[in-house]
Amino acid sequence: MLTIPDNTPESRDRNTARFNFRTTERIKQTVEHAAAMLGQDTSTFAVTAAYERAIETIRSQEVTHLKPEDHQAFFEALEHPAEPTDKLRHAFSQHKEKVSKR
């Protein structure tokens, strides 16, 4: 599992990497307005917003939430797996034939 430390862009690290992208005038004005409302410069606001969204996206993709009944079924299947079917056995034999070991 990928774990990203939640360090905000205001950390002590020196900013050396660059983003360069174009946007519409409407989006630019909206970002500038929001940044001004928080007393931040546009770059700090945009980087912070992008970083927070990136962390949120990564976390949402790394975590699986199960309902209690699904949680029970999941762990039951792990503890007592079903016997492989003929179709699964065939798939494994096909895999062994077609994929060489490296």
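**Entry 1: Arg 53 and Glu 56.** I began in helix 2, which covers residues 42–62. Arg 53 and Glu 56 sit there 3 residues apart, about one helical turn. I am working from a predicted model. I then looked at the two side chains. They meet in a salt bridge, with N to O at 2.9 Å. Side chains of opposite charge can pair when their charged atoms come close. How exposed is Glu 56? I found a relative accessible area of 47% for Glu 56, so this residue is partly exposed.

**Entry 2: the overall layout.** Next I stepped back to the whole protein. I counted 4 helices and 0 strands. Along the sequence the pattern reads α-α-α-α. The protein has 102 residues, and 4% of them count as buried. I also looked up the accessible surface, which comes to about 10100 Å². Carbon and sulfur atoms hold 55% of that surface.

**Entry 3: contacts along the chain.** I took the contacts with a separation of 6 or more. What share of them joins residues 24 or more positions apart? The share is 67%.

**Entry 4: salt bridges.** How many salt bridges does the whole structure hold? My search found 3. The pair Arg 53 and Glu 56 is one salt bridge, already noted above. I went on to the pairs in helix 1 and helix 4.

**Entry 5: Lys 28 and Glu 32.** This pair lies in helix 1, residues 25–37. The two residues are 4 positions apart, about one turn of the helix. They form a salt bridge, and their closest N and O atoms are 2.9 Å apart. I checked the exposure of each partner. Glu 32 has a relative accessible area of 31%, so Glu 32 is partly exposed. Lys 28 is partly exposed too, at 37%.

**Entry 6: Asp 86 and Arg 89.** I ended in helix 4, residues 86–98. Asp 86 and Arg 89 both lie in this helix, 3 residues apart, about one turn. Their side chains meet in a salt bridge at 3.6 Å, N to O. Is Asp 86 buried or exposed? Its relative accessibility is 63%, and the cut-off for exposed is over 50%. Asp 86 therefore counts as exposed. Its partner Arg 89 has a relative accessible area of 45%, so Arg 89 is partly exposed.

Notes: Residues are numbered from 1 along each chain as its sequence is written. This is a predicted model: local features need pLDDT of at least 70, side-chain atom pairs count only at pLDDT 80 or more; totals for chains, interfaces and linings use all residues. Side-chain values use heavy atoms; hydrogens and water are left out. Buried means under 20% relative accessible area, exposed over 50%, partly exposed in between (1.4 Å probe, protein chains only). Contact means heavy atoms within 4.5 Å. Accessible areas come from the Shrake-Rupley method with a 1.4 Å probe; for residues, only the protein chains shown count as cover. A salt bridge is a side-chain nitrogen of Lys or Arg within 4 Å of a carboxyl oxygen of Asp or Glu.
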